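Visitor: I am new to this structure and should like to learn how its features are read. May we go through them one at a time?

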Amino acid sequence: MKVCKKCHLLKSLDEFGNNKNRFDGKSTYCKECERMRGVEYRKKNPEKAKESSKNWRKNNPENYKKTIEKYLEKNPGYVFRTKTQTIQTK
Ligand SMILES: [Zn+2]
């Protein structure tokens, strides 16, 4: 169990995202707060958020592909289009 630094609730470790930079390997904020933080950040900095996700895709092409594949697995029939490729589930 771990206390979230943001909502100060005691939650199980499953409720926390992984963070390799932390001594316990877990994020200081629970997943719910991390999610809210991301939403707020994108609301406040739409351009920066766009830019950073663009950079992330560029620096993590493999992870990006996996993310899309996971998404497509959950949403069969969805067509995913990027500038360079079109991915569609069978
Ligand atoms: Zn929290």
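Guide: Let us begin with a definition: a residue is called buried if 20 or more other C-beta atoms lie within 10 Å of its own, and exposed if 12 or fewer do. Please note also that this is a predicted model.

Visitor: With that cut-off, how many of the 14 residues of α2 are buried?

Guide: The number is 0, so α2 lies largely in the open. This helix covers residues 46–59, and its end C-alpha atoms are 20 Å apart, close to the 20 Å expected at 1.5 Å a residue.

Visitor: How many residues of α3 and of α1 are buried?

Guide: For α3 the number buried is 0 of 14, so this helix too lies largely in the open. For α1 the number is 1 of 14, and α1 is therefore also described as largely in the open.

Visitor: What do the spans of these two helices show?

Guide: A general idea comes first: an α-helix has 3.6 residues a turn, so residues three or four places apart point the same way. Helix α3, residues 61–74, reaches 20 Å from its first C-alpha to its last, close to the expected 20 Å. Helix α1, residues 31–44, should span 20 Å at 1.5 Å a residue, and its end C-alpha atoms are 20 Å apart, which agrees.

Visitor: In what pattern do helices and strands follow one another along the sequence?

Guide: The protein chain reads β-β-β-β-α-α-α-β-β, with 3 helices and 6 strands. The radius of gyration is 16 Å, well over the 12 Å that the globule rule gives for 90 residues, so the chain is more spread out than a compact globule. The C-alpha trace spans about 45 × 30 × 20 Å along its principal axes.

Visitor: What share of the residues in the whole chain is buried?

Guide: Buried residues make up 3% of the 90. As for contacts with a separation of 6 or more, 13% of them join residues 24 or more positions apart.

Visitor: Where does His8 lie, and is His8 buried or exposed?

Guide: His8 lies in the loop between β1 (2–3) and β2. It has 9 C-beta neighbours inside 10 Å and so counts as exposed. Its backbone deserves attention as well. Most residues other than glycine have a negative phi. His8 is not a glycine, yet its phi is positive, at about 60°.

Visitor: What can be said of Glu15, in the loop between β2 and β3?

Guide: Glu15 has 18 C-beta neighbours inside 10 Å and therefore counts as partly exposed. Leaving aside residues up to four places away in sequence, Glu15 touches Cys30 and Lys31. The C-alpha atoms of Glu15 and Lys26, which are 11 residues apart along the chain, are separated by 9.6 Å.

Visitor: Why does Asn21 count as exposed?

Guide: Asn21 has 6 C-beta neighbours inside 10 Å, and so it counts as exposed. This residue is placed in the loop between β3 (16–18) and β4 (26–30). Its C-alpha atom is separated by 22 Å from that of Pro61, 40 residues away along the chain.

Visitor: Where is confidence lowest, and where is it highest?

Guide: Where pLDDT is low, the predicted coordinates should not be read in detail. In this chain, confidence is lowest in strand β6 (residues 86–88), at a mean of 76, and highest in strand β2 (residues 10–11), at 97. The average pLDDT is 91, and 98% of the residues score at least 70.

Technical notes: Residues are numbered from 1 along each chain as its sequence is written. This is a predicted model: local features need pLDDT of at least 70, side-chain atom pairs count only at pLDDT 80 or more; totals for chains, interfaces and linings use all residues. Helices (H or I, at least four residues) and strands (E, at least two) are DSSP runs, numbered from the N terminus. The radius of gyration is taken over C-alpha atoms; the globule rule is 2.2 Å times the number of residues to the power 0.38. Two residues are in contact if their C-beta atoms, placed from the backbone, lie within 7 Å. The expected span of a helix is 1.5 Å times one less than its number of residues. pLDDT is the predictor's confidence in each residue, from 0 to 100.
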